[in-house]
Amino acid sequence: MSSEPKCLQISPIKNGTVIDHITAGEAFNVLRILGITGTTEERLSVATNVVSRKSERKDIVKIENRELRKEEVDRIALIAPNATINIIRNYLVFEKKGVDIPEILHGVVRCPNPGCITNTREPIQSRFEVTAKGLHCLYCDWYLTEDIAGHII
């Protein structure tokens with residue numbers, strides 16, 4: 001029986017945020033939500049399809065010298081509802097919390113209905129209610145059930 005050596009796949013960070021337990025395959029959508037394009041200044045580490053004890057596979061994102069705002073965490077929750085947010089200070093976990101999907105999303109998701117008032121020149125933010133069927137637009141009654149990541153603003 002061979003045993004693999006245990007080692008860190010991603011090096012630790014001194015200060016910043018670790019987003020763990022991201023749904024496998026969603027790490028790059030998380031980066032897009034955070035506005036991290038590769039041309040920005042953040043130092044980051046990304047691991048995809050890492051073996052997980054909780055689920056078969058997961059993604060991990062580490063961002064140095066940045067703590068996430070609540071609005072950013074709310075967006076991440078839509079595509080990674082089991083994610084955990086770890087605030088790191090001086091190489092130690094200062095705070096650890098799960099993500100919660102809010103009941104109402106204000107200005108977080110773009111309505112796919114081209115006729116929705118939020119897609120006109122009116123200065124109106126989208127408003128979606130989170131339901132068991134999907135995201136329900138409170139202006140035009142459209143349901144968003146697929147490709148939520150592609151509609152996150």
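This section describes the overall dimensions, the two sheets, helix H2 and one buried strand residue of a predicted model.

The protein contains two helices and nine strands. In sequence order these elements follow the pattern β-α-β-β-α-β-β-β-β-β-β. The C-alpha trace extends over about 60 × 35 × 25 Å along its principal axes. The chain has 153 residues, of which 42% count as buried. The exposed surface of the protein amounts to about 9800 Å², with 48% of it supplied by carbon and sulfur atoms. The protein carries 20 positive and 20 negative side chains, and the centres of these two sets are 5 Å apart. When contacts between residues at least 6 apart in sequence are considered, 57% join residues at least 24 apart.

One open sheet is built from five strands in the order S2-S3-S1-S4-S5, and its pairing is antiparallel. Strands S2 (44–51) and S5 (92–98) each have a single partner strand and stand at the edges, so one side of each has no neighbour in the sheet. From one strand to the next, the twist averages 15°. Within this sheet, S2 and S3 form a hairpin, with five residues between the two strands. Their antiparallel pairing runs over six bridges, and serine 45 stands opposite lysine 62 in S3. Strand S3 (residues 57–64) is also joined to strand S1 (residues 16–23), again in the antiparallel sense, by six bridges. In this second pairing, aspartate 59 of S3 is the bridge partner of isoleucine 22.

The other open sheet described here has four strands, ordered S6-S7-S8-S9, with antiparallel pairing. Its edges are strand S6 (104–106) and strand S9 (143–144); each has a single partner strand, so one side of each is left without a neighbour in the sheet. Two bridges connect S9 to strand S8 (residues 135–137), and the two strands pair in the antiparallel sense. Leucine 135 stands opposite leucine 144 of S9.

Helix H2 comprises residues 70–79, and eight of its ten residues are buried, so the helix is largely enclosed by the rest of the structure. The buried positions are Glu72, Val73, Asp74, Arg75, Ile76, Ala77, Leu78 and Ile79. Charged side chains are included in this set, namely those of Glu72, Asp74 and Arg75. The buried residues of H2 pack against helix H1 (27–33) and against strands S1, S4 (84–89), S6 and S8. Of these strands, S1 and S4 belong to the five-stranded sheet, whereas S6 and S8 belong to the four-stranded sheet. The buried residues of H2 therefore pack against strands from both sheets as well as against H1.

Asparagine 86 is located in strand S4. With a relative accessible area of 7%, asparagine 86 is buried, because this value falls under the 20% cut-off. Apart from neighbours within four places in sequence, its contacts are Gly16, Thr17, Val18, Asp20, Val93, Glu95 and Lys96. Among these contacts, Gly16, Thr17, Val18 and Asp20 fall within S1, residues 16–23, while Val93, Glu95 and Lys96 fall within S5, 92–98. In the order S2-S3-S1-S4-S5, strand S4 stands between S1 and S5, and the contacts of asparagine 86 include residues of both of these strands.

How values were computed. Residues are numbered from 1 along each chain as its sequence is written. This is a predicted model: local features need pLDDT of at least 70, side-chain atom pairs count only at pLDDT 80 or more; totals for chains, interfaces and linings use all residues. Side-chain values use heavy atoms; hydrogens and water are left out. Two strands pair if DSSP finds at least two bridges between them. Axes are lines fitted to C-alpha atoms, for helices over the stretch in contact, and angles run from 0 to 180 degrees between N-to-C directions. Buried means under 20% relative accessible area, exposed over 50%, partly exposed in between (1.4 Å probe, protein chains only). Contact means heavy atoms within 4.5 Å. Accessible areas come from the Shrake-Rupley method with a 1.4 Å probe; for residues, only the protein chains shown count as cover. The place of a charge is taken as NZ of Lys, CZ of Arg, CG of Asp or CD of Glu.
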